[in-house]
Amino acid sequence: MLHMQALAKVYRTELVETHALRALDLHVREGEFVAVTGPSGSGKTTFLNIAGLLETFTGGDYHLDGVDVKGLNDDARSRLRNEKIGFIFQGFNLIPDLDLFDNVDVPLRYRGMPAAERKRRIEEALTMVGLASRMKHYPAELSGGQQQRVAIARALAGSPRLLLADEPTGNLDSQMARSVMELLEDIHRKGATIVMVTHDPELAARAQRNVHIVDGMVTDLQQEPLATASA
Ligand SMILES: Nc1ncnc2c1ncn2[C@@H]1O[C@H](COP(=O)(O)OP(=O)(O)OP(=O)(O)O)[C@@H](O)[C@H]1O
Ligand SMILES: [Mg+2]
């Protein structure tokens with residue numbers, strides 16, 4: 001699903017060069033659930049942004065579902081992103097002027113889905129995260145944990161083949177964190193590939209495989225999924 005070879009990312013400003021990723025190798029198979037851990041500043045978010053085609057890279061190779069990402073123009077990248085990838089990122093990225101229904105609708109509209117199909121998916125996703133009764137509310141009227149769940153509903157509504165999550169439980173209490181993890185496990189069972197960055201060892205332990213990033217590189221020798229995952 002996701003093949004990165006010697007991936008590098010350098011951020012340049014007038015004064016400094018930051019090597020956010022250096023020769024990162026990572027292979028994630030279709031249907032795997034991988035947790036990514038590592039110290040602050042080690043490049044985890046940079047890696048997810050590149051994986052999700054939100055950012056370009058400065059060296060190495062990245063194939064997403066067999067497509068060489070380097071050869072794509074902006075339009076093709078956006079199309080691939082909208083078709084395949086769901087995001088649960090820090091800061092939620094909800095749109096304040098839209099109610100919950102319309103927030104979840106955003107990625108579905110991008111895909112040009114018919115209205116009836118969108119409505120069905122939005123209601124189903126908001127029900128899954130326990131917010132069906134709040135569809136006409138605005139993000140500001142929700143708690144942080146509820147906002148996080150809307151972001152999750154938005155990601156789930158599109159049934160993404162690949163779900164990228166950056167600290168999906170970072171702002172949640174432990175009970176809410178567990179229910180979010182259960183949602184992720186649920187969509188994993190339905191076939192999605194998941195790559196989740198987390199600082200929480202309990203959550204990391206529930207993934208099929210842990211990958212450790214230090215200083216912009218994967219430090220683990222273990223690149224093969226555990227016995228439970230299929231090829
Ligand atoms: N837009 C940017 N411009 C310049 N440097 C950046 C930019 N984004 C990230 N960096 C730098 O790249 C390095 C990796 O950052 P990144 O956000 O990927 O770390 P992280 O592992 O996600 O950390 P955390 O656990 O704190 O979220 C850091 O040194 C950071 O300062
Ligand atoms: Mg980060």
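**Ligand 1 and the pockets of a predicted model**

I begin with Thr45, where a polar side-chain atom lies 2.8 Å from an oxygen atom of ligand 1. Please keep in mind throughout that the model is predicted. Two backbone contacts accompany that of Thr45. In Gly41, a backbone N or O atom is placed 2.8 Å from an oxygen atom of the ligand. In Ser42, a polar backbone atom is 3.2 Å from an oxygen atom of ligand 1. As for accessible surface, ligand 1 taken alone exposes 640 Å², and the protein buries 61% of that.

Which elements give two or more residues to the shell around ligand 1? They are strand S2, residues 17–28, and helix H1, residues 44–51. Helix H1 provides the largest share, with three residues. The shell as a whole consists of Tyr11, Thr18, Ala20, Pro39, Ser40, Gly41, Ser42, Gly43, Lys44, Thr45, Thr46 and His199. Sorted by class, these residues around the ligand comprise three nonpolar, eight polar and one charged.

Allow me to dwell on one member of that shell, His199. In the chain, His199 belongs to the loop that joins strand S8, residues 193–197, to helix H7, residues 201–204. Is His199 buried or exposed? It is classed as exposed, because its relative accessible area is 51% and the class begins over 50%. With respect to Leu162, His199 is 37 residues away in sequence, and the C-alpha to C-alpha distance in space is 21 Å.

I turn now to the pockets. The largest pocket has a volume of about 470 Å³. It is lined by 18 residues, and those closest to its centre are Asn82, Ile85, Phe87, Pro107 and Arg154. Four elements each supply at least two residues of this lining: helix H2 (74–84), strand S6 (85–88), helix H3 (100–110) and helix H5 (144–157). In terms of class, the lining of the largest pocket holds 11 nonpolar, four polar and three charged residues.

The second largest pocket has a volume of about 300 Å³. Of its 14 lining residues, Leu156, Ser159, Pro160, Ile187 and Lys190 lie nearest the centre. Helix H4, residues 115–128, and helix H5 each supply at least two residues here. Which element gives the largest share of this lining? That is H4, with five residues. The class division for the second largest pocket is seven nonpolar, two polar and five charged. Helix H5 thus appears in the account of both pockets, with at least two residues in the lining of the largest and at least two in that of the second largest.

Finally, I would draw attention to two backbone angles. Ala6, which sits in strand S1, residues 2–12, has a phi near 50°, a positive value in a residue other than glycine. Glu167 also is not a glycine, and its phi is positive, at about 50°. Its place is in the loop between strand S7, residues 162–166, and helix H6, residues 174–189.

How does accessibility stand at these two positions? Ala6 has a relative accessible area of 38% and is therefore partly exposed. Glu167, at 9% relative accessibility, falls under the 20% limit and so counts as buried.

To close, I return to the ligand: its polar contacts include the side chain of Thr45, the backbone of Gly41 and the backbone of Ser42.

Notes:
Residues are numbered from 1 along each chain as its sequence is written. Chains are lettered from A and ligands numbered from 1 in the order in which they are written. This is a predicted model: local features need pLDDT of at least 70, side-chain atom pairs count only at pLDDT 80 or more; totals for chains, interfaces and linings use all residues. Side-chain values use heavy atoms; hydrogens and water are left out. A residue is near a molecule or strand if one of its heavy atoms lies within 4 Å of it. A polar contact is a pair of N or O atoms within 3.5 Å; within protein, one must be able to donate a hydrogen and the other to accept it, and residues adjacent in sequence count only if both atoms are side-chain atoms. Accessible areas come from the Shrake-Rupley method with a 1.4 Å probe; for residues, only the protein chains shown count as cover. Ala, Val, Leu, Ile, Met, Phe, Trp, Tyr, Cys and Pro count as nonpolar, Asp, Glu, Lys and Arg as charged, and the others, Gly among them, as polar. On a 1 Å grid over the protein atoms alone, a cavity is a set of points where a 1.4 Å probe fits but cannot get out, and a pocket is an open set with protein on both sides within 12 Å along at least five of seven lines; lining residues have an atom within 4 Å of a point. Grid points are joined across faces, edges and corners, and a volume is the space filled by probe spheres set on the points. Buried means under 20% relative accessible area, exposed over 50%, partly exposed in between (1.4 Å probe, protein chains only).
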